[in-house]
Amino acid sequence: MRGLLSALSLLAFTVAANAIKLKFRYEECMQYDLNMYEPFYGSFVALPDLYSLQAKYDLIITSPSGTRVHETVGEPEAKFHLVPYETGKYRFCLRLNQDKTGSRYVLSREVLWDLHVGHADTHSNTNLKEHDTQSLWHYVHQVDAQLQQLRATQQYLYWRERRHRMTVESTNRRVLVYALVRNGVLVLVSMMQVLFIRRMFSKQFR
């Protein structure tokens with residue numbers, strides 16, 4: 001009993017997965033081995049490029065049999081939560097949606113990818129009534145699944161807020177550079193006007 005309680009406490013403080021940074025131009029595909037009825041939670045957040053442009057992507061998740069089980073179209077960020085009904089390699093493909101991105105030039109952009117895999121509940125109701133330990137493990141898996149979903153949502157919100165902050169900071173830098181260049185041009189034009197007027201009057205007095 002103490003071992004199960006300690007395992008429950010460890011599940012509460014263990015981070016299952018961290019977001020990874022992908023860098024690609026058109027498409028990036030990944031494969032994960034998943035078991036039947038083993039839920040997984042994930043998200044992706046597109047980071048702004050050098051020109052502060054926001055790319056939009058299509059996410060396609062395919063089962064081992066080739067069935068498309070999830071699809072997100074033209075989004076800069078998205079969350080997903082699925083329970084697989086097949087065991088095997090699931091294919092996750094992120095594809096640049098050029099129609100919704102609105103950019104003629106395709107640059108290598110960065111996307112933050114996050115995936116958390118839960119645990120399948122393999123205990124039947126009869127066994128739960130007969131064995132207290134199995135019943136406790138059942139609740140451990142339920143709590144772990146909720147923690148996985150909470151971690152996935154927390155990381156998604158963190159990276160989305162960071163992306164918005166990067167966009168705002170990039171816009172502020174561009175506005176600052178534009179203001180400095182504009183003021184410099186105005187000062188240069190004013191100086192040239194003063195020199196032109198002085199030269200014009202000096203010629204008249206001669």
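**Exercise 1: an open sheet with E8 in it**

In what order do the four strands of the open sheet containing E8 line up, and is their pairing parallel or antiparallel?

*Solution.*
- Start with the order: the sheet reads E1-E8-E3-E6, and its pairing is antiparallel.
- Now look at the edges. Strand E1 (20–24) and strand E6 (77–82) each have a single partner strand, so one side of each has no neighbour in the sheet.
- Then the twist: from one strand to the next it averages 20 degrees. Axes here are lines fitted to C-alpha atoms, and angles run from 0 to 180 degrees between N-to-C directions.
- Zoom in on one pair. Strand E3 (residues 40–46) runs antiparallel to E6, joined by six bridges, and valine 45 sits opposite glutamate 77 in E6.

A word on terms: strands are DSSP runs of E with at least two residues, numbered from the N terminus, and two strands pair if DSSP finds at least two bridges between them. As for what holds them, strands of a sheet pair through backbone hydrogen bonds.

Before you go on, keep in mind that you're looking at a predicted model, where local features need pLDDT of at least 70 and side-chain atom pairs count only at pLDDT 80 or more, while totals for chains, interfaces and linings use all residues. Residues are numbered from 1 along each chain as its sequence is written, and side-chain values use heavy atoms, with hydrogens and water left out.

**Exercise 2: an open sheet with E7 in it**

Which strands stand at the edges, each with a single partner strand, in the open sheet that contains E7?

*Solution.*
- Write down the order: this open sheet of four strands goes E2-E7-E4-E5, again with antiparallel pairing.
- Read off the ends. Strand E2 (27–34) and strand E5 (68–75) are the edge strands; each has a single partner strand, so one side of each is left without a neighbour in the sheet.
- The twist averages 10 degrees from one strand to the next.
- Follow the pairs. E2 and strand E7 (residues 88–96) run antiparallel, with eight bridges between them, and tyrosine 32 has tyrosine 90 in E7 as its bridge partner.
- Strand E4 (residues 57–62) pairs with E5 through five bridges, also antiparallel. Here tyrosine 57 faces glutamate 75 in E5.
- Finish at the turn: the E4–E5 hairpin has five residues between its strands, and glycine 66 takes a positive phi near 95 degrees there.

**Exercise 3: the nonpolar core**

Which residues have the most contacts inside the largest nonpolar core?

*Solution.*
- Get the term straight: a nonpolar core is a set of buried Ala, Val, Leu, Ile, Met, Phe, Trp, Tyr and Cys residues joined through side-chain atoms within 4.5 Å. Buried means under 20% relative accessible area, exposed over 50% and partly exposed in between (1.4 Å probe, protein chains only).
- The largest core holds 22 residues, and Phe40, Phe44, Tyr57, Phe80, Phe92, Leu94 and Trp113 have the most contacts inside it.
- Where do they come from? E1, E2, E3, E4, E6, E7 and E8 each chip in at least two residues, and E7 gives the most, with four.
- Take one member: leaving out residues up to four places away in sequence, the contacts (heavy atoms within 4.5 Å) of phenylalanine 92 include Met30, Phe40, Ile60, Phe80 and Trp113.

**Exercise 4: salt bridges**

How many salt bridges does a search of the whole structure find?

*Solution.*
- Define it: a salt bridge is a side-chain nitrogen of Lys or Arg within 4 Å of a carboxyl oxygen of Asp or Glu.
- The search turns up three.
- Glutamate 110 and lysine 21 make a salt bridge at 3.8 Å, N to O. Glutamate 110 is in strand E8 and lysine 21 in strand E1, so the pair ties together parts 89 residues apart in sequence.
- Arginine 95 pairs with glutamate 27, with the closest N and O atoms 3.3 Å apart. This links strand E7, home of arginine 95, to strand E2, home of glutamate 27, across 68 residues.
- Check exposure: arginine 95, at 38% relative accessibility, is partly exposed, and glutamate 27, at 37%, is partly exposed too.
- Arginine 68 and glutamate 71 form a salt bridge at 3.4 Å, N to O; glutamate 71 is partly exposed at 42%.

**Exercise 5: one histidine**

Is histidine 116 buried or exposed?

*Solution.*
- Locate it: histidine 116 belongs to strand E8 (residues 109–117).
- Its relative accessible area is 0%, so histidine 116 is buried.
- Its side chain makes a polar contact with the side chain of aspartate 114 at 2.9 Å. A polar contact is a pair of N or O atoms within 3.5 Å; within protein, one must be able to donate a hydrogen and the other to accept it, and residues adjacent in sequence count only if both atoms are side-chain atoms.
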